[in-house]
Amino acid sequence: MRSRTAEWFETKVKYDKMMEDGSQKKVPELYVVDALSFTEAEEAITEEASHYSTGEFDVTDIKKAPYGEIFFSDNPADDKWYRAKVQFIILDEKTGKEKLSGVNYLVQSNTLQNAVKNIEEVMNTGMQDWKIFSITETSILDVYEHQIKSTESKEQPAQ
């Protein structure tokens, strides 16, 4: 397991998909991209969608994701994404009472049970008390991390 904190955007793409009966149907699919702005998110998903879409496609929606950190699995069988709300138990310094502070995460797994294991694997490395409040399977198909493009200029040899 590895985790990555970034600015994530959920993007919906609608494109023509070949159905089992041979007909074409416009289908919406949900993807997550790492970007600094809505414009960069649209550019990133347009580039990624062009690799798997043979026809035209439309980016129909972009919104900031309700999570800032994603837990990526190393297991190739983990092909689903789960949204998990984890509550941290914190002590209010003024009142001395315990409070709960909720944080959302996106977790890669193949089953709900493995999603719980993956969360535990990452969260048990910390010192703070926590508990899982909820986990739900999402319709997210994939997550695309920002790829740093080389900015090195190719200098021409002096003549």
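**Rings and a buried valine**

Phe 71 is buried, its relative accessible area being 0%.

Biologist: Happy to look at this predicted model with you! How many aromatic pairs does the count come to?

Modeller: Glad to help! Rings of Phe, Tyr and Trp pair if their centres lie within 6.5 Å. By this rule, the aromatic pairs come to five.

Biologist: Are the rings of Phe 71 and Tyr 105 stacked or edge-to-face?

Modeller: Their centres are 4.8 Å apart and their planes meet at 25°. Planes under 30 degrees apart count as stacked, so the pair of Phe 71 and Tyr 105 is stacked.

Biologist: How many residues apart are Phe 71 and Tyr 105?

Modeller: Phe 71 belongs to strand β5 (residues 69-72) and Tyr 105 to strand β7 (residues 98-109). The pair thus links distant parts of the chain, 34 residues apart.

Biologist: Is Tyr 105 buried or exposed?

Modeller: Buried means under 20% relative accessible area. Tyr 105 has 7%, so Tyr 105 is buried.

Biologist: Which residue lies over the face of Phe 72?

Modeller: A nice one! Phe 72 is linked by ring pairs with Trp 8 and Trp 81 into a cluster. Over the face of Phe 72, at 4.3 Å from the ring centre, lies Arg 2.

Biologist: And how far apart in space are Val 13 and Glu 29, C-alpha to C-alpha?

Modeller: Val 13 is in strand β2 (residues 8-18) and counts as buried at 0% relative accessibility. Its contacts beyond four places in sequence include Glu 29, Tyr 52 and Phe 57. Val 13 and Glu 29 are 16 residues apart in sequence, and their C-alpha to C-alpha distance is 5.3 Å.

Methods: Residues numbered from 1 in each chain as written. Predicted model: local features only at pLDDT ≥ 70, side-chain atom pairs only at ≥ 80, totals over all residues. Heavy atoms only, no water. Helix = DSSP H or I, 4+ residues; strand = E, 2+ residues; numbered from the N terminus. Buried < 20%, exposed > 50% of the residue type's maximum accessible area, 1.4 Å probe, protein only. Contact = heavy atoms within 4.5 Å. Phe/Tyr/Trp six-rings, centres within 6.5 Å; stacked < 30°, edge-to-face > 60°. Lys NZ or Arg CZ within 6 Å of the ring centre and 35° of its normal.
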